Amino acid sequence: MTMLSLSSSPHHHNRRDTGQVMRLVCYAAIPGILTNVWFFGFGILVQAAIAIVTALVTEGVIMELRKKKTERILKDYSAVLAALLLAISIPPLAPWWVIVIGTFFAIAIVKQLYGGLGYNMFNPAMAAYVMLLISFPVQMTSWLPPLSIAEQSHTLWDAIHTIFTGFTSTGFSVEQLKVGVDGATMATPLDAVKTALLQGYTVTEAQEHIIFDGQYGKGWFWVATAYLAGGLFLIKTKVINWHIPGSMLAAAALLSFVLFLLDGDQYASPLFHIFNGSLVLGAFFIATDPVSASTTIKGRLIFGAAIGFWVIIIRNWGGYPDAIAFAVLIMNMTVPLIDYYTQPRTYGHQSKARKSS
């Protein structure tokens, strides 16, 4: 005989707690991080380790000062995820104090000053990134060329040595590591195109630079593809939904395609924008932050599309070659307004016709 049980609502339960969700996002970033290590060296792993330690210590101390349960808060992994996202956004061999200052700012100022997890208005990692970019522009733009075209290779020990002392174990500085086989100082693909356009070259001519492999930057295409795979995993496992990344990539592709059609010599193709820089990483791992993003379905579509729009606008006419952090922060400010006007109809809502009858 089958026994039936009666219980009160809610009958649907959340399958995962905050800690599980945050850990899954961290796991999904692993393919992108390993691909980055393969093409650009071990610096990103060192930066991630420093950032995670700084984030946990900062949040732990603040929890103690606020008389909160430190263990439970630290186990939600939100601080670890914020630290990881910041670490993979900065140059791999940036000085150690850059990531320490940035991580402290993200956790102490952007997150805890507003009340902790769930109360921060801005994405902590992106707010810290913008603070670092404005405060320390030289260190935040010291990107290295892919190892395949670098004159000087560097090991894990070299990465650790450079991040803490400014020089590899064999005495090379970051500036010397940035110089490629042709003697030219390396930059990211987005930097290279922006600089070339300012010098009067076309996009096609800019993509003849040694850093390019066709219209994609050497290594950058595979890094973006790996983060895309991780992002699709997050959608498949229902950790995030498709609305924000889908609308963000679609808007960026559509606007860049229109500009490309108008003048292909001055505006790069949609594929160039998607697979260079941090657009894919931002679409799946940054803009989908459940705290600082829109919460309604229509709102998520608007939020994501507007970020994609701002990314292309800033990349083409702004002062910075990549624009994810600025676009995310701009749209973070609009989330309360978007959510207010995109609330779904409540059950039992009556149409105007029915009301009048």
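1. Glutamate 59 and lysine 111 form a salt bridge, with 2.9 Å between the closest N and O atoms. The pair ties together distant parts of the chain: glutamate 59 sits in helix 3 and lysine 111 in helix 6, 52 residues apart. Bear in mind that this is a predicted model. Both partners are out of solvent's reach by the usual count: glutamate 59 is buried at a relative accessible area of 0%, and lysine 111 is buried too, at 4% relative accessibility. Have a look at this pair before anything else.

2. Now the helices that carry the pair. Helix 3 covers residues 43-65 and helix 6 covers residues 96-111; they pack at an angle of about 35 degrees, and their axes are 9 Å apart. The crossing is right-handed. From helix 3, the residues that meet helix 6 are Gln47, Ile50, Ala51, Thr54, Ala55, Thr58, Glu59 and Ile62. On the helix 6 side they are Trp96, Ile99, Val100, Thr103, Phe104, Ile107, Ala108 and Lys111. Note that Glu59 and Lys111, the salt-bridge partners, both appear in this interface.

3. How many salt bridges does a search of the whole structure find? It finds 2. Besides the pair in point 1, arginine 315 forms one with aspartate 322, and the closest N and O atoms there are 2.9 Å apart. Arginine 315 counts as buried, because its relative accessibility is 6% and the cut-off for buried is under 20%.

4. Aspartate 76 is the one I would stop at. It lies in the loop between helix 4 (70-74) and helix 5 (78-87). Which side chain of opposite charge is nearest to aspartate 76? That is lysine 111, at 4.8 Å. A salt bridge needs the nitrogen within 4 Å of a carboxyl oxygen, so aspartate 76, although buried, has none. Lysine 111 is instead bridged to glutamate 59. What aspartate 76 does have is a polar contact of 2.8 Å between its side chain and that of serine 78. Beyond the residues up to four places away in sequence, aspartate 76 touches Thr18, Gly19, Met22 and Leu117.

5. Two lysines deserve a backbone check. Most residues other than glycine have a negative phi. Lysine 67, though not a glycine, has a positive phi of about 60 degrees. Its place is in the loop between helix 3 and helix 4, and it counts as exposed because its relative accessibility is 74%. Lysine 238 also has a positive phi, near 60 degrees. That residue is found in the loop between helix 13 (220-236) and helix 14 (243-262). At 62% relative accessibility, lysine 238 counts as exposed.

6. Asparagine 276 is another loop residue, placed between helix 15 (270-275) and helix 16 (279-286). Is it buried or exposed? Asparagine 276 counts as buried, because its relative accessibility is 0%. Its side chain reaches the backbone nitrogen of glycine 217 at 2.8 Å. Leaving aside neighbours within four places in sequence, asparagine 276 is in contact with Pro189, Leu190, Gln215, Tyr216, Gly217, Trp220 and Arg315. Arg315 on that list is the arginine that bridges to aspartate 322.

7. Isoleucine 90 is found in the loop between helix 5 and helix 6 and is buried, with a relative accessible area of 1%. Isoleucine 90 touches Gln47, Ile99, Tyr129, Met140 and Trp143, not counting residues up to four places away. Among those, Gln47 and Ile99 also belong to the helix 3 and helix 6 interface. In space, isoleucine 90 and threonine 141 are 8.1 Å apart, C-alpha to C-alpha, while the sequence puts them 51 residues apart.

8. Leucine 133 is in helix 7 (residues 124-135) and is buried, with a relative accessible area of 6%. Leaving aside neighbours within four places in sequence, the contacts of leucine 133 are Met140, Thr141, Tyr320 and Phe326. Met140 is also touched by isoleucine 90. The C-alpha atoms of leucine 133 and glycine 102 are separated by 9.8 Å, with their positions 31 residues apart along the chain.

Notes:
Residues numbered from 1 in each chain as written. Predicted model: local features only at pLDDT ≥ 70, side-chain atom pairs only at ≥ 80, totals over all residues. Heavy atoms only, no water. Helix = DSSP H or I, 4+ residues; strand = E, 2+ residues; numbered from the N terminus. Buried < 20%, exposed > 50% of the residue type's maximum accessible area, 1.4 Å probe, protein only. Lys, Arg positive; Asp, Glu negative; His and termini not counted. Polar contact = N/O pair within 3.5 Å; in protein donor to acceptor, adjacent residues only side chain to side chain. Contact = heavy atoms within 4.5 Å. Axes fitted to C-alpha atoms, helices over the stretch in contact; angles between N-to-C directions. Left-handed = near helix turned anticlockwise from the far one by under 90°.
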